[in-house]
Structures are given as structure tokens and as C-alpha cells.
Amino acid sequence: MKGLYFAALLLAGALGANQGFADTLPAAPTEDTATDDAAQASVASHDIGAPAQRRALQEAITDLESEYGAYSPVLPERLLSLGLALQSEGRHAEAAAVFKRGTHLARVSTGLYSLDQLPLLESEIASLQALGDYRAVDDRQRYLYRVQSKAPLSSAQRVRAYVHQADWQRQAFLLNMDEEPGLRLLQMWEYYRLALTEVLEQSGDNSRDLLPPLYGMLQAQYLIAGYRWPDSGDNTGNGFTSNNLRPLGNSYLRDNFNKGRAVLQAIYDLEQLHGSADPEAAARAQTLMGDWLLWHGDSEGAMAEYAKVLAELADDAAAQALYNELFAEPVPLPALDGLDVHGPLAVEGDGDILLGFNVAADGKVSDLQRLDDSGTANGLANRLMRSLRNTPFRPRFDLASGTPVATDNLVMAYDSTR
């Protein structure tokens, strides 16, 4: 049966390809992600601690340039070490410039699509992320993938490349970087699907390596379900107009529920198969299935899935911690790592916007009101209230009876400065 779910997910890729979406992705890699294993080992071997180390590296680079010229083939590795030293000191602007120079020299010395560029590019991206220069990050991510597309990478590396690019598309969407961010979601789904295809081809449909792309695909489906696709003819700036992006988005929305269920069924099957690695993972996966049904308005189906999990927990005295994690308090959906869609939640509940509300036994929010009297960030507070009012919650459950119960006087704190 599991093979049928995977087949459905792989065939779903034809939806985008048939409508021209595949052309928006860079060429597919010939062997995976990020950094070559040997290059990773080389990076790990560098001592990037003290400023003295950095100064020594700068002097060594100057000596090399004097003796062998500005294009010495050993300079990229030294520049990588120097950039990492600067990075460790928080000097990210200088580090990014060093990494960029190292990438250029590696390209000149070892070829347009050489593996030597990858650790330099990834490190540059990390510094640009630290600087918050997301436009530059996007530009370098595109170039990184272009190199990965042509470099002789292993299958495992190719999977990491797809996942890395999918993760960036999710982040770019959440950062609202584009006039029409919906295309990022379609790219996110495609990259994760390509990673899934690669793992299936290399390792079969029982591999635990299928789980990261599957969880990523589930994230994509949640975001696709919650996104409002454009309905005008304005140009999106991505080679699409709203007139042709909307039908494409609608195609994904039409199959959204079934795709999500197929992903979740595959996750559950794998977590159950590999239960010895994490005995609680299958219960979490079944809970996620209930969440997906509740998100799509099937309260009865969701409660049935939750009941199955609770029945198992009730028979296991050691499962109290898992019950507390999943069902002791209402949980806003989607409850997935990597999807920060609930606004700027305050650290440890210490925020300047406080919203009080109740959650009914069916997971619906009621009696929502603002509790703080600061009078600040009213626009943000109103947006948060609209969002929270429409957010389904996994309700609190009574473990003894296995039934959902209402929860009153909940408070969510937000930090308007985040």
C-alpha cells in the first residue's frame, strides 16, 4: 500500500510540469547538495578560534599572493579558513567578501562547476543570512544550485541540495520577499518532491531518509492551503502574471487535501516501520493526520485519529510525557517545526501584545480579546487577532475518558519588536 502513496506523490509532480512550472526551477543536479564530504572534513579540520589565528591566516595569504600571484590554486582553501575565522568573530560582512573571492578563485582554478566552490558558497550564504541581506542570499542560493546542478555530486549530496533549496524557498516565502510569494511554495514542493524521488530511486521505499523530504512536503501543503492566490492580471515579477499563476495555484489547491493525506500516510508507515528508532514517532505522525483533517474542517475524522492515539497512551503508564506534549493543552495548527505562522510569539510569554481567548472542544477559538493596555502596535494586534480567530487548535483531551474538552482563559503573548 505504501508504494501507492509514493506513486501518487511522484505523479503529482506532473501537475506542475504539464503547466510550465518545471521551467521555473534551475536544471536538476547530477549529484546532491551542499558540501562534498571531503570538503566538509577539510572545513571541520580548521581551527577558527582566536583573532591570532585570523591574523596568521591573513599573513599567510599575503605571502602566497606575493610568491605565487593572486590566482594561486591554494588560495581558495586559505580564504575559506580566513572567512570561517572572521565568521566566528561575528565579522560577517568581511567574511562574506572573503568567501566570495574564494569562490571566484576556486572557479578559475578548478572549473566553472567545481566542488571546491560549495563550502565557500555555503559559508558566504550563512554570513549573508546573519547580516539579514536576504536579497543577496537569494542570489547566492540560485548560483549555489546552478553549481550543484552541474557538479559531480553523490546521490546523498543531491538529496541534501534539493532539501537545502526547498528550505530556502520556505524561508523566502515566510519573509514575504516577493510581490507574488506563491511561486516560492510551488518551488518548495517541487524541490522536496525531487529529493523524495532521489531517495526512492537509491534506497527504496523503506528508507528513513525519506522522512525529511516528506515532512518538508507536508509543510509545503500547509502553506499552499493557507495562501490566497492572486486574482488579477498583474505581473508577479517571476515571469508569471497573476492570470496564469492563479490557475497553477488552484491546481495545487485542488489536490491539496489528498496530497497532504498521502504524505502523512507515508510518514506514518515509515515511522511505524522504524519504531525501534523512536517508539513515539508513529503516535506523533497519527496525531499529525488528525491535525490535517481538523485543518480542513473534518472535525469528526480528526477526533477519530486523536482517539486512536489516546487509546494507546491510556494503556501505557510511561506515555504520560507524550500525552502532556500532544494533548494536555490546546495546540495551534499547523504544529510543525519550521512553520512560524503564528506571529511574533514572545519569548517566555513576556510580550507587549497579550491576547486572551477560549478554545472549544472542537478546536475553535472564541471570546478573543486583547488583554494588555499598552495601546501600541494596534495594526499588528488587529492582524494577529484576525489570524488567531481563524486558527484551528488541536483541543485539550482528558486522558481518562479520551474525550476533547474546552479550555478557557488562554493567553498568547506577542512581541511587536520582533
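# Reading a predicted protein model

Tutor: Let us begin with one residue: aspartate 291 has its place in helix H14, residues 281-295. Please keep in mind that the model is predicted.

Student: Is aspartate 291 buried or exposed?

Tutor: The term rests on a cut-off: a residue is called buried if its relative accessible area is under 20%. Aspartate 291 has a relative accessibility of 0%, so it counts as buried.

Student: Which residues is aspartate 291 in contact with, leaving aside its neighbours within four places in sequence?

Tutor: Those contacts are with Tyr222, Tyr306, Leu333, Ala335 and Arg394. One of these residues, leucine 333, leads to another feature: a cis peptide bond joins leucine 333 to proline 334, with omega at about 0 degrees. Proline 334 lies in the loop between strand S1 (331-332) and strand S2.

Student: How many helices and strands does the protein chain have?

Tutor: The chain has 17 helices and seven strands. Of its 418 residues, 49% are buried. Among the contacts with a separation of 6 or more, 72% are between residues 24 or more positions apart. The chain exposes about 19000 Å², and carbon and sulfur atoms supply 49% of that area.

Student: What span should helix H8 have, and how far apart are its end C-alpha atoms?

Tutor: The reasoning uses a rise of 1.5 Å a residue. Helix H8 covers residues 134-150, which is 17 residues, so it should span 24 Å. Its end C-alpha atoms are 25 Å apart, which agrees. The check can be repeated on helix H6, where 19 residues should span 27 Å and the end C-alpha atoms are 26 Å apart, again in agreement.

Student: Which residues of H8 are buried, and which helices do they pack against?

Tutor: The buried residues of H8 include Val137, Leu144 and Val147, and also Asp138, Arg140 and Gln141. The buried residues of H8 pack against helix H6 (92-110), helix H7 (117-131), helix H9 (155-174) and helix H10 (182-203).

Student: What covers the buried residues of H6?

Tutor: The cover includes helix H5 (75-88), H7 and H8. The buried residues in H6 include His92, Ala95, Val98, Phe99 and Leu105. After H6 comes glycine 111, which has a positive phi near 115 degrees.

Student: How many bridges join strand S2 to strand S3?

Tutor: Four bridges join S2 (residues 353-359) to S3 (residues 365-370), and the two strands run antiparallel. For one bridge in particular, glycine 356 has glutamine 369 in S3 as its partner. S2 and S3 form a hairpin with five residues between them, and glycine 363 in the turn has a positive phi of about 90 degrees.

Student: Which residue other than glycine has a positive phi?

Tutor: One of them is aspartate 367, with phi near 50 degrees. Aspartate 367 is found in strand S3 and is exposed, with a relative accessible area of 53%. Another is asparagine 409, with phi near 60 degrees. Asparagine 409 is found in strand S7 and is likewise exposed, at a relative accessible area of 69%.

Student: How may one look for empty space in a structure, and how many cavities of 30 Å³ or more are found here?

Tutor: A probe the size of a water molecule is rolled over the atoms, and this shows where empty space is left. In this structure, a search of the whole finds two cavities of 30 Å³ or more. The second largest cavity has a volume of about 50 Å³. Its lining includes Pro332, Val341, His342, Leu384, Ser387 and Tyr414.

Student: Which element gives the most to the lining of that second largest cavity?

Tutor: Helix H17 gives the most, with three residues. H17 (378-389) and strand S7 (407-414) each supply at least two residues of the lining.

Student: How much space lies in the largest pocket?

Tutor: The largest pocket holds about 1000 Å³ of space. It is lined by 25 residues, and those closest to its centre are Leu174, Gly226, Val341, His342 and Ser387. H9, helix H11 (211-226) and H17 each supply at least two residues of the lining of this pocket.

Note on methods:
Residues are numbered from 1 along each chain as its sequence is written. This is a predicted model: local features need pLDDT of at least 70, side-chain atom pairs count only at pLDDT 80 or more; totals for chains, interfaces and linings use all residues. Side-chain values use heavy atoms; hydrogens and water are left out. The expected span of a helix is 1.5 Å times one less than its number of residues. Buried means under 20% relative accessible area, exposed over 50%, partly exposed in between (1.4 Å probe, protein chains only). Contact means heavy atoms within 4.5 Å. Two strands pair if DSSP finds at least two bridges between them. Accessible areas come from the Shrake-Rupley method with a 1.4 Å probe; for residues, only the protein chains shown count as cover. On a 1 Å grid over the protein atoms alone, a cavity is a set of points where a 1.4 Å probe fits but cannot get out, and a pocket is an open set with protein on both sides within 12 Å along at least five of seven lines; lining residues have an atom within 4 Å of a point. Grid points are joined across faces, edges and corners, and a volume is the space filled by probe spheres set on the points.
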